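Dear colleague,

Please find below the sequence and the structure that I am handing over to you. My notes on what was found follow directly after them.

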Amino acid sequence: MRLIDLLLEGQEIFEAAHDLSQGGLASTLCEMVLRNDIGVIIETAGDPAAALFSETPGRVLVAIEPGNASVLDSLAKKFDIEISKIGVTGGDSISFNETQISLEE
């Protein structure tokens, strides 16, 4: 419920939002970048397979304008939700750690 409350209260700052429950980060990234025709550069630590394919209910990938980072931080604190910045949007490919796939491909 805390995550839902955060998403509802902050909906005006989100450029995009998608859950990671089906297909994990890999599926979510593909859907988001292809729908919006904009690339992304993602960096994660640890096991890349777990980072890409972990289907975890209760996790959401959001895109915000950089100027809204403090608003998101405040909302996360208010609702006691851990957040992590994993990348930035831009370009014409999906870049995950050191692997790149063009949007066209």
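**A buried threonine**

Thr28 counts as buried, because its relative accessibility is 0% and buried means under 20%. Please bear in mind throughout that this is a predicted model. Thr28 belongs to helix H2, which covers residues 24-36. Which residues does Thr28 contact, once its neighbours within four places in sequence are left aside? They are His18, Asp19, Leu20 and Leu61.

**The nonpolar cores**

Leu61, one of the contacts of Thr28, also appears in the largest nonpolar core, which has 16 residues. Leu61 is among the residues with the most contacts inside this core, together with Leu25, Leu29, Val40 and Ile42. Two or more residues each come from H2, strand E2 (40-42), helix H3 (48-53), E3 and strand E5 (93-96). H2 gives the most to this core, namely five residues.

Ile42 may serve as an example. Apart from neighbours within four places in sequence, Ile42 is in contact with Leu25 and Leu29, and also with Ile86, Gly87, Ser95, Phe96 and Asn97. There is also a second, separate core of eight residues, including Leu6, Ile13, Phe14 and Ile81.

**The two sides of helix H4**

Helix H4 comprises residues 69-78, and Leu72, Leu75 and Ala76 are buried in it. Why do these residues lie on the same side of H4? They cover an arc of only 100 degrees around the axis, and this places them on the same side. Lys77 and Lys78, on the other side of H4, are exposed. The buried residues of H4 pack against helix H1 (2-9), strand E1 (14-19) and strand E3 (60-64).

**Two residues with positive phi**

H4 is followed by Asp80, which lies in the loop between H4 and strand E4 (87-89). Although Asp80 is not a glycine, its phi is positive, at about 55 degrees. Is Asp80 buried or exposed? Asp80 is exposed, because its relative accessible area is 61% and exposed means over 50%.

Asn97, already named as a contact of Ile42, is a residue other than glycine with a positive phi, near 50 degrees. The loop that holds Asn97 runs between E5 and strand E6 (99-102). With a relative accessibility of 21%, Asn97 counts as partly exposed.

With kind regards

Definitions and conventions
Residues numbered from 1 in each chain as written. Predicted model: local features only at pLDDT ≥ 70, side-chain atom pairs only at ≥ 80, totals over all residues. Heavy atoms only, no water. Helix = DSSP H or I, 4+ residues; strand = E, 2+ residues; numbered from the N terminus. Buried < 20%, exposed > 50% of the residue type's maximum accessible area, 1.4 Å probe, protein only. Contact = heavy atoms within 4.5 Å. Arc of directions from axis to C-beta. Core = buried A, V, L, I, M, F, W, Y, C linked by side-chain atoms within 4.5 Å.
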